[in-house]
Amino acid sequence: MNIKNAQIEVDKWIKEHGVRYFNELTNMAQLTEEVGEVARIIARRYGEQSEKESDKDKDLGEELADVVFVVLCLANQTGIDLQASFDKKMDKKTQRDRNRHHNNEKLK
C-alpha cells in the first residue's frame with residue numbers, strides 16, 4: 001500500500017469508527033506519546049537499559065504502526081498529500097546526499 005492509499009484508509013476508518021478526527025493539538029500529543037512508546041522499547045530492547053517484564057511483550061512493529069497512523073491523521077486533517085511530500089523529500093535527499101554517506105569514514 002502506498003502512502004496515498006494509507007491516508008485514504010485512515011480517513012475511511014476515522015469516518016466509520018472514530019466519529020471525527022481529534023484536533024491537531026490532541027493528535028500531536030498522541031504522536032508524542034506513541035513515539036515515547038517506541039523509544040521505550042528501543043531503549044530497553046536494543047539500548048543499555050534493562051527490559052522490564054511488563055515491556056517484554058510489547059510489539060515494536062505495532063508501536064511504529066501507531067506512530068504512522070497518527071502521522072497519517074495529521075496529514076489528512078491539515079490537507080497534506082503525504083505521498084507527494086515524501087516523494088519530494090526522497091528526491092531532495094537523493095540529490096543532496098548522493099555521495100555523502102559513501103564518503104563518510106564513520107560508516108566504513
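The radius of gyration of the protein is 18 Å, whereas a compact globule of 108 residues would have one near 13 Å. The model is predicted. Along its principal axes, the C-alpha trace covers about 50 × 45 × 25 Å.

Burial and surface come next. Of the 108 residues, 22% are buried. The exposed area is about 8300 Å². Carbon and sulfur atoms supply 55% of that area.

The fold is helical. The protein has four helices and zero strands. Read from the N terminus, the order is α-α-α-α. Helix α1 covers residues 3–18. Helix α2 covers residues 24–45, and α3 covers 60–77. Contacts reach across the sequence: of those between residues at least 6 apart, 62% join residues at least 24 apart.

**Charges and salt bridges**

The protein carries 19 positive and 21 negative side chains. The centres of the two sets lie 8 Å apart. Salt bridges number 10. Three of them are listed here, with the distance from N to O.

| Positive residue | Negative residue | N to O distance |
|---|---|---|
| Arg40 | Asp55 | 3.1 Å |
| Arg44 | Asp55 | 2.9 Å |
| Arg45 | Glu51 | 3.0 Å |

Asp55 takes part in a salt bridge with Arg40 and in another with Arg44. Where does Asp55 lie, and where does Arg44 lie? Asp55 is in the loop between α2 and α3, while Arg44 is in helix α2, so their salt bridge ties together parts 11 residues apart in sequence. Arg40 also belongs to helix α2, so its pairing with Asp55 links parts 15 residues apart in sequence.

Is Asp55 buried or exposed? Asp55 is buried, because its relative accessible area is 4% and the cut-off for burial is under 20%. Arg44 is buried as well. Arg40 has 37% relative accessibility and therefore counts as partly exposed. The two arginine partners of this loop aspartate thus fall into separate classes: Arg44 is buried, and Arg40 is partly exposed.

The pair of Arg45 and Glu51 has partly exposed residues on both sides. Arg45 is at 28% relative accessibility, and Glu51 is at 24%. Elsewhere, salt bridges with shared partners join Lys93, Arg96, Asp97 and Arg100 into one network.

**A buried asparagine in α2**

Asn27 lies in helix α2. Its relative accessibility is 2%, so Asn27 counts as buried. Which residues does Asn27 touch, leaving aside those up to four places away in sequence? They are Phe22, Val70, Cys73, Leu74 and Gln77. Helix α3 spans 60–77, and the contacts of Asn27 include Val70 and Gln77.

**An unusual backbone angle at Val19**

Val19 sits in the loop between α1 and α2. Its phi is positive, at about 70°, although Val19 is not a glycine. Most residues other than glycine have a negative phi. Is the side of Val19 facing solvent, buried or exposed? Val19 counts as exposed, because its relative accessibility is 74% and the cut-off for exposure is over 50%.

**Two loops compared by burial**

The loop between α1 and α2 holds Val19, which is exposed at 74%. The loop between α2 and α3 holds Asp55, which is buried at 4%.

Methods:
Residues numbered from 1 in each chain as written. Predicted model: local features only at pLDDT ≥ 70, side-chain atom pairs only at ≥ 80, totals over all residues. Heavy atoms only, no water. Rg over C-alpha atoms; globule rule 2.2 N^0.38 Å. Buried < 20%, exposed > 50% of the residue type's maximum accessible area, 1.4 Å probe, protein only. Contact = heavy atoms within 4.5 Å. Areas by Shrake-Rupley, 256 points an atom, 1.4 Å probe, with all protein chains shown as cover. Lys, Arg positive; Asp, Glu negative; His and termini not counted. Charge placed at Lys NZ, Arg CZ, Asp CG, Glu CD. Salt bridge = Lys/Arg side-chain N within 4 Å of Asp/Glu carboxyl O.
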